[in-house]
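Colleague: I would like a close look at one part of this model, its surface. Please take me through the patches there, and set them in the context of the chain.

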Amino acid sequence: DECNVTGIFYEGGGRTYNFETLKAYVTSKLIWDSDMTYEEFEEIVLEYLYIYYGDGYEEIYEYIKMQTEAGDQCGTCFINNFDRPGDMYSYDYLAEHYEEMRALLVTAYEKAGTDAQRKRIQTLLVCCDFMGLSSVHKEKNKNEENKTLYMERYDWMYNYIKNNNILLRFHY
């Protein structure tokens with residue numbers, strides 16, 4: 001009411017990739033209670049993360065906050081879900097924080113209690129690696145250790161995408 005908002009435009013109702021199901025859950029809650037406080041909103045997010053990802057939900061929430069910061073530092077507004085990561089996130093931020101962000105997801109994976117939770121977190125790791133590897137690509141050839149780690153993660157990501165029939169969309 002305070003901002004004269006009369007509706008919500010929701011885009012991104014996919015079900016498998018980078019927090020699409022979380023967006024759908026939160027959107028449905030906002031539709032029913034548009035006057036919720038930020039604290040109530042945060043409780044809903046944490047509740048969902050616990051249910052969907054298991055005991056590593058706090059690490060995943062920290063990851064989300066870092067991903068949000070990368071978006072805030074981008075300095076541009078993206079159009080839709082099909083924009084490139086470089087249009088939606090600051091590559092400088094991602095490059096600086098990639099290892100920390102990935103470590104949060106690895107810890108969450110180790111805390112997961114079911115195969116379904118582990119699979120969901122692996123899919124998040126693919127998204128994290130795609131953004132992270134894209135942002136540190138220039139650094140990979142600085143030394144052999146960087147190149148080896150880069151290629152291990154790239155190969156894991158590629159094989160996961162291929163073996164799980166994950167659809168990739170390209171504009172060109």
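Modeller: Happy to; I will start with the ground rules, then the chain, then the surface, and end with a buried residue for contrast.

This is a predicted model, so local features need pLDDT of at least 70 and side-chain atom pairs count only at pLDDT 80 or more, while totals for chains, interfaces and linings use all residues. Residues are numbered from 1 along each chain as its sequence is written, and side-chain values use heavy atoms, with hydrogens and water left out.

The protein chain has seven helices and zero strands; helices are DSSP runs of H or I with at least four residues, strands are E runs of at least two, and both are numbered from the N terminus. Its accessible surface comes to about 11300 Å², with 52% belonging to carbon and sulfur atoms; such areas come from the Shrake-Rupley method with a 1.4 Å probe, and for residues only the protein chains shown count as cover. Of the 172 residues, 36% count as buried, meaning under 20% relative accessible area, whereas exposed means over 50% and partly exposed lies in between (1.4 Å probe, protein chains only).

Now the surface itself. A patch of negative charge gathers Asp1, Glu2, Asp33, Asp35, Glu39, Glu40, Glu43 and Glu47. Patch residues have over 30% relative accessible area and no salt bridge, with like charges joined within 9 Å and nonpolar side chains (Val, Leu, Ile, Met, Phe, Trp, Tyr) within 5 Å. A salt bridge is a side-chain nitrogen of Lys or Arg within 4 Å of a carboxyl oxygen of Asp or Glu. Asp and Glu count as negative, Lys and Arg as positive, and His and the chain ends are not counted; each charge is placed at NZ of Lys, CZ of Arg, CG of Asp or CD of Glu.

Asp35 belongs to the loop between α1 (20–32) and α2 (38–53), and counts as exposed because its relative accessibility is 57%. There is also a nonpolar surface patch of Ile8, Ile31 and Trp32, with about 430 Å² of accessible area together. Ile8 sits in the segment before α1.

For contrast, Asp129 lies in helix α6 (residues 115–135) and is buried, because its relative accessible area is 0%. Leaving out residues up to four places away in sequence, Asp129 touches Tyr98, Arg102, Ser134, Arg153, Trp156 and Met157, where contact means heavy atoms within 4.5 Å.
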